[in-house]
Amino acid sequence: DCVSSKALDDRLSVYIMIQAMQRAQRFGFEVYAVATVQEEVGLRGALTSAFGIQPDVGIALDVTLAVDIPGVPEHEQVTKLGQGTAIKILDGSFIANPKLVAFLRALADRRGIAWQHEILPRGGTDAGAIQRVQAGVAVGTISIPTRYIHSSVETVHKADVEASIALLAAFIEEGQTADLALE
């Protein structure tokens, strides 16, 4: 039930973005789907895109470490293949908006979408750049658990890909109901 290929990081995120846009039954708000460049060398494309769009909310899509292999202690296993899409809490580039994280978790639960938490100790996603435009943007990341990142045999589980598509499509349909107001 796995797929292995080179360059799933980050071709897979573009695939998920397109599939979610096509699957969404309605758009609860104005949606911009953006494929950026130079994420690995400073989040450059996301910064210029977010500056031009001026979003109220940003959802980044990216792969994340699935280190659920023999010899890796449980506390270092960022995510596990086949356990669902990952809803990021934080990484080296940003801390997700807690209300957005809670909304994504509740949305996934309500829709029966398998998910797992993600805390990535190093690295970052485009959410880190999006968060810093304007006076700050509520951001989160939907991540796809992936083994062997940055190799020619990156591996993902089909169920995790499907869960990622389903969660993003659900957010497109219902995201406008999220209460993200600062307190």
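**A surface patch and some backbone angles**

User: How much accessible area do I69, Y148 and V153 have together in their nonpolar patch on the surface?

Analyst: I69, Y148 and V153 form this patch; patch residues have over 30% relative accessible area and no salt bridge (Lys or Arg side-chain nitrogen within 4 Å of an Asp or Glu carboxyl oxygen), with nonpolar side chains joined within 5 Å and like charges within 9 Å. This is a predicted model, where local features need pLDDT of at least 70, side-chain atom pairs count only at pLDDT 80 or more, and totals for chains, interfaces and linings use all residues. By the Shrake-Rupley method with a 1.4 Å probe and only the protein chains shown as cover, the three together have about 250 Å².

User: What is the relative accessible area of V153?

Analyst: Residues are numbered from 1 along each chain, and side-chain values use heavy atoms, without hydrogens and water. V153 sits in the loop between β5 (138-146) and β6 (154-157), strands being DSSP E runs of at least two residues and helices H or I runs of at least four. V153 is partly exposed (from 20% to 50%; buried is under 20%, exposed over 50%), at 43%.

User: Which loop holds Y148?

Analyst: Y148 has a positive phi near 60 degrees without being a glycine. Most residues other than glycine have a negative phi. Y148 is partly exposed, at 43%, and its loop lies between β5 and β6.

User: What is the phi of Q134?

Analyst: Q134 lies in the loop between α4 (127-130) and β5. Q134 is partly exposed, at 44%. Though not a glycine, Q134 has a positive phi of about 55 degrees.

Methods
Buried means under 20% relative accessible area, exposed over 50%, partly exposed in between (1.4 Å probe, protein chains only).
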